[in-house]
Amino acid sequence: QCDEGKGPPPLGSTTLSLQSTSTPSPLVLLRASFFSCSILLQILLQILLCLNMSDGTVPEGWIVRESRSRDGKLYYYNTLTGESQWELPSEPARGGPAKVKASHILVKHVESRRPSSWREEVITRSRAEALELLKGYRARIASGEIAFAELASQVSDCSSARNGGDLGAFGPGEMMEAFEQTTYGLKVGEMSEPVHTDSGEHIILRTG
């Protein structure tokens, strides 16, 4: 039946309804507070993930991510190499793959960290002389007169000469800084200009 035209419910029933309303228990209130805090933390985290570098604390090429296996702990992800770490990066991300492959020819001189090699027990040439030798080697390779690996096996002062100068694969932090930066900056198949390190003078051929 239609309820239109009926009067309000008896006063006693209204009073009974108000009196029967119970106060939430402390446990219910605690759960509600915890749920609210969780939502707030998630919102703050999403804001941080969206901002990432806007405050200037995360170097270029890195982003902040949340770990699923460490209860939401934040870590830093290198967008160029796919590597991640827990510590805040101190410098911009470097491009290229996580690992590269390269061969090199090393010419040592008297200023080298260890002026000795499998070819010469005591190396007495100057740095300038080493550079001139290296430039000549590079010109021979670039002209097609001789292959990089063949020449490396003959003249390189590195023990990698037995493998045609092949150093295999290496990643960030495994080589001296100048050598590493130059290698990562080369295209596969490209040969560098002379590169100076504490070991001596190098020409580098990136192979992978």
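This report covers the fold, the helices and three loop or strand residues of a predicted model.

## Overall layout

The chain holds five helices and seven strands. From the N terminus on, its elements run α-α-β-β-β-β-α-α-β-α-β-β. The chain has 208 residues, and 31% of them count as buried. Contacts with a sequence separation of 6 or more were also sorted by range. Residues 24 or more positions apart account for 49% of these contacts.

## Helix H3

H3 spans residues 127-142, which makes 16 residues. From first C-alpha to last, H3 reaches 22 Å. That is close to the 22 Å expected at 1.5 Å a residue.

Which residues of H3 are buried? They are Ala-130, Leu-134, Tyr-137, Arg-138 and Ile-141. These residues cover an arc of only 100° around the axis, so they sit on the same side of H3. The general rule behind such a pattern is simple. An α-helix has 3.6 residues a turn, so residues three or four places apart point the same way.

The buried residues of H3 pack against three elements: strand S4 (100-107), helix H4 (148-155) and strand S7 (200-206). The face turned away from the buried side carries Ala-128 and Glu-132, both exposed. After H3 comes Gly-144, which has a positive phi, near 90°.

## H3 against H4

Two packed helices are described by the angle between their axes and the distance between the axes. For H3 and H4, the angle is about 150° and the axes are 10 Å apart. An angle over 145 degrees counts as roughly antiparallel, and H3 and H4 are therefore roughly antiparallel to each other. Their crossing is right-handed. On the H3 side, the contact is made by Tyr-137, Arg-140 and Ile-141. On the H4 side, Phe-148, Leu-151 and Val-155 make it. Tyr-137 and Ile-141 are also among the buried residues of H3.

## Helix H4

H4 buries Phe-148, Leu-151, Ala-152 and Val-155. Their arc around the axis is only 105°, which puts them on the same side of H4. The cover over these residues includes S4, H3 and S7. S4 and S7 also pack against the buried residues of H3.

## Helix H5

What is buried in H5? Phe-179, Glu-180, Thr-183 and Tyr-184 are. They cover an arc of only 120° around the axis, so they lie on the same side of H5. The other side of H5 has Glu-177 and Gly-185, which are exposed. S4, S5, strand S6 (195-197) and S7 are among the elements that cover the buried residues of H5.

## Three single residues

The table sets out three residues from outside the helices.

| Residue | Relative accessibility | State | C-alpha partner and distance |
|---|---|---|---|
| Gly-171 | 3% | buried | Lys-99, 4.3 Å |
| Glu-111 | 57% | exposed | Ile-123, 9.5 Å |
| Ser-84 | 48% | partly exposed | Val-64, 9.6 Å |

Gly-171 is in the loop between strand S5 (166-170) and helix H5 (177-185). At 3% relative accessibility, Gly-171 counts as buried because the cut-off is under 20%. Gly-171 and Lys-99 are 72 residues apart along the chain, yet their C-alpha atoms are separated by 4.3 Å. Leaving out residues up to four places away in sequence, Gly-171 touches Ala-98, Lys-99, Glu-180 and Tyr-184. Of these contacts, Glu-180 and Tyr-184 are buried residues of H5.

Is Glu-111 buried or exposed? Its relative accessible area is 57%, so Glu-111 is exposed. Glu-111 is found in the loop between S4 and H3. Its C-alpha lies 9.5 Å from that of Ile-123, which is 12 residues apart from it along the chain. Neighbours within four places aside, Glu-111 is in contact with Arg-127 and Asp-198.

Ser-84 is in strand S3, residues 84-85. At 48% relative accessibility, Ser-84 counts as partly exposed. Ser-84 and Val-64 are 20 residues apart in sequence and 9.6 Å apart in space, C-alpha to C-alpha. Which residues does Ser-84 touch, not counting those up to four places away in sequence? Tyr-75, Tyr-76 and Tyr-77.

Key. Residues numbered from 1 in each chain as written. Predicted model: local features only at pLDDT ≥ 70, side-chain atom pairs only at ≥ 80, totals over all residues. Heavy atoms only, no water. Helix = DSSP H or I, 4+ residues; strand = E, 2+ residues; numbered from the N terminus. Expected span 1.5 Å × (residues − 1). Buried < 20%, exposed > 50% of the residue type's maximum accessible area, 1.4 Å probe, protein only. Arc of directions from axis to C-beta. Contact = heavy atoms within 4.5 Å. Axes fitted to C-alpha atoms, helices over the stretch in contact; angles between N-to-C directions. Parallel < 35°, antiparallel > 145°, perpendicular 65-115°, else oblique. Left-handed = near helix turned anticlockwise from the far one by under 90°.
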